[in-house]
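Student: Could you take me through one part of this model up close? I'd like to see how one charged side chain is held, and what sits around it.

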Amino acid sequence: EALELAERLRANVEERTKRIEGLNEGVTVTISVGQCANEESSTAFLKHLEVTLENGKKQARNSVYAVN
């Protein structure tokens with residue numbers, strides 16, 4: 001469900017920015033989504049999200065990535 005919501009958000013931003021007059025470049029959104037495991041600290045979880053997001057930006061912007 002979170003991945004679907006993130007993808008809808010990403011697609012919505014992409015579509016709406018295509019219609020902005022005078023915008024030379026499109027706006028991209030890269031999102032990382034995950035669920036914190038019970039035994040995982042919030043700090044460790046946020047680090048996983050951050051690493052996933054950075055890797056995603058290197059691979060392809062304007063995408064949604066899930067934390068494993």
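Tutor: Let's go straight to R10, which forms a salt bridge with E14, with 3.1 Å between the closest N and O atoms. Keep in mind that this is a predicted model. R10 and E14 are four residues apart in helix α1, so about one helical turn separates them. That fits the general geometry: an α-helix has 3.6 residues a turn, so residues three or four places apart point the same way. Going the other way along the helix, R10 also meets E7 in a salt bridge, with 2.6 Å from N to O. R10 and E7 are three residues apart, again about one turn, and both lie in α1, which runs over residues 2–18. The count of salt bridges comes to two, and through shared partners they join E7, R10 and E14 into one network.

How buried or exposed are the members of that network? R10 has a relative accessible area of 10%, so with the cut-off for buried at under 20% R10 counts as buried. E7 is partly exposed at 33%, and E14 is partly exposed too, at 27%. So the arginine in this network is buried, while its two glutamate partners are partly exposed.

Now step back to the helix that carries them. α1 has 17 residues, and its first and last C-alpha atoms are 25 Å apart, close to the 24 Å expected at 1.5 Å a residue. Its buried residues are A6, R10 and T17. They cover an arc of only 45° around the axis, which puts them on the same side of α1. On the other side you'll find E4, L5, R8, R16 and K18, which are exposed. What do the buried residues of α1 pack against? They pack against the strands β1 (31–33) and β2.

R10 shows this packing residue by residue. Leaving out anything up to four places away in sequence, R10 touches V29, I31, N62, S63 and V64. Of these, I31 falls within β1, which covers 31–33, and V64 falls within β2, which covers 64–66. With N62 there is also a polar contact, side chain to side chain, at 3.5 Å. So besides its two salt bridges, to E7 and E14, the R10 side chain has a polar partner in N62.

N62 deserves a pause. This residue lies in the loop between α2 and β2, and at 16% relative accessibility it counts as buried. Its phi is near 65°, a positive value in a residue other than glycine. For context, most residues other than glycine have a negative phi.

Right after N62 comes S63, in the loop between α2 (42–59) and β2 (64–66). S63 is buried as well, with a relative accessibility of 16%. Apart from its neighbours within four places in sequence, S63 is in contact with R10, V29, T30 and I31. Notice that V29 and I31 turn up in the contacts of R10 and in those of S63.

Follow that loop back and you reach α2. At 1.5 Å a residue, its 18 residues should span 26 Å, and its end C-alpha atoms are indeed 26 Å apart. The buried residues here are F45, L49, T52 and G56. Seen down the axis they fall within an arc of 65°, so they line one face of α2. T43, L46 and K58 are exposed on the face turned away from that buried side. Like the buried residues of α1, those of α2 pack against β1 and β2.

One last stop is G34, in the loop between β1 and α2. G34 is partly exposed, at 36% relative accessibility. Not counting residues up to four places away in sequence, G34 touches F45, L49 and V67. F45 and L49 are both among the buried residues of α2. G34 is also 9.3 Å from L46, C-alpha to C-alpha, with their positions twelve residues apart in sequence.

So, back where we began: R10 sits on the buried side of α1 with A6 and T17, is bridged to E7 and to E14, and makes its polar contact with N62 in the loop between α2 and β2.

How values were computed:
Residues are numbered from 1 along each chain as its sequence is written. This is a predicted model: local features need pLDDT of at least 70, side-chain atom pairs count only at pLDDT 80 or more; totals for chains, interfaces and linings use all residues. Side-chain values use heavy atoms; hydrogens and water are left out. A salt bridge is a side-chain nitrogen of Lys or Arg within 4 Å of a carboxyl oxygen of Asp or Glu. Helices (H or I, at least four residues) and strands (E, at least two) are DSSP runs, numbered from the N terminus. Buried means under 20% relative accessible area, exposed over 50%, partly exposed in between (1.4 Å probe, protein chains only). Contact means heavy atoms within 4.5 Å. The expected span of a helix is 1.5 Å times one less than its number of residues. The arc is that of the directions from the helix axis to the C-beta atoms. A polar contact is a pair of N or O atoms within 3.5 Å; within protein, one must be able to donate a hydrogen and the other to accept it, and residues adjacent in sequence count only if both atoms are side-chain atoms.
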